[in-house]
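Me: Could you take a close look at one helix pairing in this model for me? I'd like to know how the two pack, and what sits around that part.

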Amino acid sequence: MANYKYIALSCLSAMALASCQDEFLDVTNNTGEPLEDYYSTAAHIDESLTAAYDPLHWPDWGLDQYNALNIDAEIMGDNFWVGGANKADMQNWHLLANYEADANNTLQSLWTVDYSGIKRCNDVLKYLGWATDMSDAQKASTEMQARALRVYYYNMLWHYFGNIPFYLENLSSPYTAPQISADEVYSRVIAELESVINSNVLPMHWDDKNCGRVSQAMAYMLYAEMVMYQNDESRSAKALEYMEKIIADGGYALLADYADIWKESGEWSSESIWEINYDDNNNERSWNSPLAIGGTVMPTLISPNSFNHEEYGLSSRDGWGFMPVRVETYNMYDEKDARREATCWDVRGVDYTERYQDTHIWLAKYVAQNANNADAVGDINLNYNNNYRVYRYAEALLNAAELCLSTNAAKAVDYVNQVRSRAGVEPLANVTKEDIIQERRLEFVGEGKRYFDLVRTGMAATVLVPDEYGYRTNAWTPAKKYIPIAQAELDSDPNLVQNNY
């Protein structure tokens, strides 16, 4: 497990958490030194870089809203229900799931989290030139990490909000930036990412002490994700090249047992290209200090309520019952598919306190196991040690299969069958794009991929339609691609134009 994630930043804790339209507080430090003097050392530059990584941990709970990244995406797809106590519990999720969100019911804290990350990345790039004891190699590594992180934060905003304010240097009064179209955001951000990749500064792998930092392989995955979401055929060959570099590298591989991916021992395994680290050791995170270092609340969110069955390892778990797995999701797996039991925790017939839309099937990948917060102190529901898997080697294989399908069908079949072989299901003789999208669905349930796959492939309008249960009564339309911008942001900047949702 990486030591890097344990670094605390007391000197930067006063950095503002406001959106890009609002004034950020000045960075302060306990010594009262001028910033030009403080950031003259490599150690203090590294503190600023750690601060830029810090917002990666915030979305699951912070700034008065739950925004676990997999839940935000999955509730708009077709594998899960929203759940919770009732339709008023996390009302924004329920409205997003029914494609009727508004400026007062959207992912407002996610906007603030990502712009806070962008602001901190910009700070790193500003301070970097002040350091007098850093080698050129150290400076180059710090620069490219900050720039890649900034692309990641913009990628999240672009996926959800599309038409957003964009800036690469921090703002001055009145702290507003021009809002540009989603296509222009893509053009600017992908060019920035290309610059990072072409520098060849970042390593393909970090050592164990530094796992959690962005790598060249992570940048490759981010590039492919953006290119594929944009359906940018002019860059598809380059995206394929990057996927095949990961495949050829030899340092990444599928774990033999799919279920092992989700164990603590599976964190930063050969399958892991990039994860967001959480830990229950030495946690400082609490409900009164949700942005401090520590664990994640996501397992609490997605586990059954009042589940008192010690034989399952979840005795007295206080799950809140969000994101129950649809029965149809469980049923889509072949009985021989090892992914079914590793993905769907089926406790139909077991008694516990049912919540809204409860199916008695839960996401096994991140379920709230007792062992995963055994070392936490204080608010244990907020401090599970489950790392969030962002990019896995299986995704590199399936990305490559999709990207090479039209030029090398045999290679696409091989990539898909590597994933299927690990799952224990029969190989395919031929594959279509629809086959690959279905394989992605089977492989990535609960990982926040499915909804965006449906949108980018044009399948959303026919798949995301009213259901037979009366839970989803509206159909997705292209106008729903970008969710509403929060009212507070519109109030802060009268020039912001709301998404047509």
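**A helix pair up close**

Reply: Let's start with the crossing: α2 passes α6 in a left-handed crossing. Keep in mind that this is a predicted model. The contact draws on I45, L49, A52 and Y53 from α2, and on T142, Q145, A146, L149 and Y153 from α6. Sorted by type, the residues of that contact come out as 7 nonpolar, 2 polar and no charged.

Now for the geometry. Helix α2 covers residues 42–53 and helix α6 covers residues 136–161. The two pack at an angle of about 15 degrees, and their axes are 10 Å apart. Because angles under 35 degrees count as roughly parallel, α2 is roughly parallel to α6.

Staying on α6, have a look at H159, which is found in that helix. Is H159 buried or exposed? H159 counts as buried, at 5% relative accessibility, because the cut-off for buried is under 20% relative accessible area. Setting aside residues up to four places away in sequence, H159 touches E225, Y229, F452, K481 and Y482. If you want a long-range pair to check in your viewer, take H159 and Y312: they are 153 residues apart in sequence, and C-alpha to C-alpha they are 37 Å apart in space.

Another spot to click on is T106, in the loop between α4 (91–97) and α5 (108–127). T106 is buried, with a relative accessible area of 0%. Leaving out neighbours within four places in sequence, T106 is in contact with Q65, N92, F161, I483, P484, I485 and A486. One of those partners, F161, falls within the 136–161 range of helix α6, so the loop residue T106 touches α6 as well.

A word on the cysteines, in case you're setting up bonds. How many disulfides are there? The count comes to 0 disulfides. Take C211: the nearest cysteine sulfur belongs to C121 and is 19 Å away, whereas a disulfide needs the two sulfur atoms within 2.5 Å, so C211 is in no disulfide. C211 is also buried, with a relative accessible area of 7%. C344 counts as buried too, at 1% relative accessibility.

Note on methods
Residues are numbered from 1 along each chain as its sequence is written. This is a predicted model: local features need pLDDT of at least 70, side-chain atom pairs count only at pLDDT 80 or more; totals for chains, interfaces and linings use all residues. Side-chain values use heavy atoms; hydrogens and water are left out. Buried means under 20% relative accessible area, exposed over 50%, partly exposed in between (1.4 Å probe, protein chains only). Axes are lines fitted to C-alpha atoms, for helices over the stretch in contact, and angles run from 0 to 180 degrees between N-to-C directions. Helices (H or I, at least four residues) and strands (E, at least two) are DSSP runs, numbered from the N terminus. Angles under 35 degrees count as roughly parallel, over 145 as roughly antiparallel, 65 to 115 as roughly perpendicular and the rest as oblique. A crossing is left-handed if the near helix is turned anticlockwise from the far one by less than a right angle, and right-handed if clockwise. Contact means heavy atoms within 4.5 Å. Ala, Val, Leu, Ile, Met, Phe, Trp, Tyr, Cys and Pro count as nonpolar, Asp, Glu, Lys and Arg as charged, and the others, Gly among them, as polar.
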